[in-house]
Amino acid sequence: MAKTAAALHILVKEEALAKEILAKLAKGGNFQQLAKKHSTCPSGRNGGDLGEFRQGQMVPAFDKAVFTCPLLTPYGPVKTGFGYHIIKVLYRN
């Protein structure tokens, strides 16, 4: 049976902005508010919520990060063809 995970993410075009957002999160910034403000992904409207998905369903670099990074801790930036992601994994099964 395939592994599943649920995650939030913030997608931006510039690595510098991704690092700036990550620093704000480290200081206690609200992930969902920052996603609504900065994310270029349509999921940004929902606070970056991607819901639950299966391993292998997302692009490889994003998928690898989701299934290996620490839970509940903002992680990144992860570069893909879409831009730079900051990822917060809510759970993995």
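Threonine 80 sits in strand 3 of this predicted model. With a relative accessible area of 10%, threonine 80 is buried, because the cut-off for that class is under 20%. Its side chain is not without a polar partner: threonine 80 and histidine 85 are joined by a side-chain polar contact of 2.8 Å. Leaving aside residues up to four places away in sequence, threonine 80 touches Val59, Ala61, Phe62 and His85.

Strand 3 has another feature worth a look. Proline 77 also belongs to this strand, and the peptide bond leading from glycine 76 into proline 77 is cis, with omega near -5°. That deserves a mention because most peptide bonds are trans.

Upstream of strand 3 comes the loop that links helix 3 (60-66) to it, and leucine 71 lies there. Leucine 72 is found in that loop too. Here is how the two leucines compare with threonine 80 in accessibility.

| Residue | Relative accessible area | Class |
|---|---|---|
| Threonine 80 | 10% | buried |
| Leucine 71 | 40% | partly exposed |
| Leucine 72 | 53% | exposed |

Leucine 72 counts as exposed because its 53% is over the 50% cut-off. Its backbone is notable as well: phi of leucine 72 is near 60°, a positive value in a residue other than glycine. Most residues other than glycine have a negative phi. Leucine 71, for its part, reaches a partner far along the chain: leucine 71 and arginine 92 are 21 residues apart in sequence, yet their C-alpha atoms are 8.2 Å apart in space. Beyond four places in sequence, the contacts of leucine 71 are Val89, Tyr91 and Arg92.

Now to helix 1, which covers residues 15-26. Its 12 residues should span 16 Å at 1.5 Å a residue, and the end C-alpha atoms are indeed 16 Å apart, so expectation and model agree. Four of its residues, Ala18, Ile21, Leu22 and Leu25, are buried. Viewed down the helix axis, these buried residues fall within an arc of 105°, so they line one face of helix 1. The spacing makes sense, because an α-helix has 3.6 residues a turn and residues three or four places apart point the same way. Ala16 and Ala26, on the other side of helix 1, are exposed. The cover over the buried residues includes strand 1 (4-12), helix 2 (31-38), strand 3 (75-80) and strand 4 (83-92). Just after helix 1, glycine 28 takes a positive phi of about 100°.

That buried face leads into the largest nonpolar core, which has 12 residues in all: Leu8, Ile10, Val12, Ala18, Ile21, Leu22, Leu25, Phe31, Leu34, Ala35, Tyr84 and Ile86. At least two residues of this core come from each of strand 1, helix 1, helix 2 and strand 4. Helix 1 supplies the largest share, 4 residues. Isoleucine 10 gives a good view of how the core is put together: beyond four places in sequence, isoleucine 10 touches Ile21, Phe31, Leu34, Ala35, His38, Ser39, Tyr84, His85 and Ile86. His85 is thus a shared neighbour to keep in view, being listed for isoleucine 10 and also for threonine 80. Apart from the largest core lies another of 11 residues, among them Ala5, Ala7, Phe53 and Ile87.

Note on methods:
Residues are numbered from 1 along each chain as its sequence is written. This is a predicted model: local features need pLDDT of at least 70, side-chain atom pairs count only at pLDDT 80 or more; totals for chains, interfaces and linings use all residues. Side-chain values use heavy atoms; hydrogens and water are left out. The expected span of a helix is 1.5 Å times one less than its number of residues. Buried means under 20% relative accessible area, exposed over 50%, partly exposed in between (1.4 Å probe, protein chains only). The arc is that of the directions from the helix axis to the C-beta atoms. Contact means heavy atoms within 4.5 Å. A polar contact is a pair of N or O atoms within 3.5 Å; within protein, one must be able to donate a hydrogen and the other to accept it, and residues adjacent in sequence count only if both atoms are side-chain atoms. A nonpolar core is a set of buried Ala, Val, Leu, Ile, Met, Phe, Trp, Tyr and Cys residues joined through side-chain atoms within 4.5 Å.
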